[in-house]
Amino acid sequence: MKFEFATATRIVFGAGTVNNIGAIAKEFGRRALVVMGRDSRRAERLLAGLKSSGVGAVTFSVAGEPDLATVERGTKLAQAEQCELVIGFGGGSALDAAKAIAAMLTNEGGLLDYVEIIGRGQPLTKLSVPFIAIPTTAGTGTEVTRNAVLASPEHKLKVSLRSPLMLARVAVVDPELTCDLPPALTASTGLDALTQLIEPFVCNRTNPMTDGLCVEGLRRAARSLRVAFSKGQDKNAREDMAVASLFGGLALSNAGLGAVHGFAGPIGGSFSAPHGAICAALLPHVMVMNLRALRQRDPNNAALPRYDEVAWWLTGDSKTKADDGVKWVRALVADLKVPRLGSFGIQREHIPDLVVKAANASSMKSNPIVLTPEELTETLEQAV
Ligand SMILES: [Zn+2]
């Protein structure tokens, strides 16, 4: 057994922890670039906390999932304003943009020198400027991952900037920040978290540290995602989902993902659909296909008993088997009113191209079994 585990230097978790942001941030500098989503009112408490600790804030809004040009604009602004640290406050988009900006502030050259696939893919060589990540959704876990997902509209692709040097110096996870999320967003981000706990647990690069995190995260997501969806102000449910999201991030970045995320990259690059909604629509169909392929071609694969375990943690019943887990996920996806992929404009004629791109996606390489083009096609047809 060989594994490595890397994460944010410090994780501060708990309701109300965002109120301590001033004391946390001032250790890293006097002037911060605050990267946030569209709704700047949400950041009022954060900005007040920085002000009272004497940390100046330059705000930068990211509308939607970030592209390369957004990161370049943010980097120029931070340079012009002489920011010493970067704070990301928002969903996965704001946090990924902030993470990439923090990296580009110390590494010479442009983004295309470093991004994979469409760029030169050179490794980053310098530690990012201090980066503090504060998620306001519970899903992506990007506060503890070492990559930033960026869109390249001209290539119709999503690509990653990836390096352990990009890990946040502090992740501040305050579940109270998620209490006002509308139900649809709670559903899609929460199902992304669930996917990010299942895929690392059955992938071909599992390790004992991430296994423990996945089990605990799955138990919490299973008991609380429905509650968070129907009763947004339920503090215990929001806390469970914040833990599930955080643990999913820790697991995916230290083990791997699978076919759901293998598809999510190319689909997200070509269609304007939120990442969480794509994963939610795909999850039950990928589980079905993986189980079928494993039983047919690799019945001794360790992932098969792991799918049974997933069913135990989801249903709370140790007598259940893998197929009961799939049934449970199907029912959840239906109850949370997850739209089919077709509702985002994806049609049958798009499937062949998406299958080719998905087969080459990095997440596909850690799927427990290599799915054939026919199997990938059938999976996507089911989800559309
Ligand atoms: Zn995801």
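**Entry 1. Helix H2**

I looked first at the face of H2 that is turned away from its buried side, and found the exposed residues Glu44, Lys51 and Ser52 there. I note at the outset that the model is a predicted one. I then listed the buried residues of H2, which spans residues 44-52, and these are Leu46, Gly49 and Leu50. Viewed down the helix axis, these buried residues fall within an arc of 100°, so they line one face of H2.

I next asked what covers the buried residues of H2. The cover includes helix H1 (21-25) and the strands E2 (31-36), E3 (56-61), E4 (85-90) and E5 (131-135). After H2 comes Gly54, and I recorded a positive phi near 75° for this glycine.

**Entry 2. Positive phi outside glycine**

I then turned to residues other than glycine. Gln82 is not a glycine, yet its phi is positive, about 55°. I located Gln82 in the loop between helix H3 (68-80) and E4. Is Gln82 buried or exposed? Its relative accessible area is 63%, so I entered Gln82 as exposed.

Lys337 likewise has a positive phi, of about 55°, although it is not a glycine. I placed Lys337 in the loop that runs between helix H11 (322-335) and helix H12 (351-359). With a relative accessibility of 65%, Lys337 counts as exposed, because the cut-off is over 50%.

**Entry 3. Glu143**

I looked up Glu143 and found it in the loop between E5 and strand E6 (147-152). Its relative accessibility is 2%, so this glutamate counts as buried, the limit being under 20%.

Which residues does Glu143 touch, leaving aside its neighbours within four places in sequence? I listed Ala8, Leu95, Ala133, Pro135, Ala168, Ala171, Val173, Ser245 and Leu246. I also checked Glu143 against Trp312, which lies 169 residues away along the chain, and their C-alpha atoms are separated by 28 Å.

**Entry 4. Helices H6 and H7**

I examined the packing of helix H6 (residues 208-230) and helix H7 (residues 235-254). The angle between them is about 145°, and their axes are 8 Å apart. I noted the crossing of H6 and H7 as left-handed.

On the H6 side, I found the contact to be made by Thr210, Leu213, Cys214, Glu216, Gly217, Arg220, Ala221, Arg223, Ser224, Leu225, Val227 and Ala228. H7 contributes Asn236, Ala237, Arg238, Asp240, Met241, Val243, Ala244, Phe247, Leu250, Ala251 and Asn254. By class, I recorded 13 nonpolar, 5 polar and 5 charged residues in this contact.

**Entry 5. Cysteines**

How many disulfides does the structure hold? I found 0 disulfides. Cys214, one of the H6 residues in the contact with H7, is in no disulfide, and the nearest cysteine sulfur belongs to Cys203, 8.2 Å away. A disulfide would require two cysteine sulfur atoms within 2.5 Å, so this distance is outside the cut-off. Cys214 counts as buried, with a relative accessibility of 0%.

Cys279 is in no disulfide either, and I noted that its nearest cysteine sulfur is that of Cys214, at 15 Å. Cys279 is buried, and its relative accessible area is 0%.

Terms used. Residues are numbered from 1 along each chain as its sequence is written. This is a predicted model: local features need pLDDT of at least 70, side-chain atom pairs count only at pLDDT 80 or more; totals for chains, interfaces and linings use all residues. Side-chain values use heavy atoms; hydrogens and water are left out. Buried means under 20% relative accessible area, exposed over 50%, partly exposed in between (1.4 Å probe, protein chains only). Helices (H or I, at least four residues) and strands (E, at least two) are DSSP runs, numbered from the N terminus. The arc is that of the directions from the helix axis to the C-beta atoms. Contact means heavy atoms within 4.5 Å. Axes are lines fitted to C-alpha atoms, for helices over the stretch in contact, and angles run from 0 to 180 degrees between N-to-C directions. A crossing is left-handed if the near helix is turned anticlockwise from the far one by less than a right angle, and right-handed if clockwise. Ala, Val, Leu, Ile, Met, Phe, Trp, Tyr, Cys and Pro count as nonpolar, Asp, Glu, Lys and Arg as charged, and the others, Gly among them, as polar.
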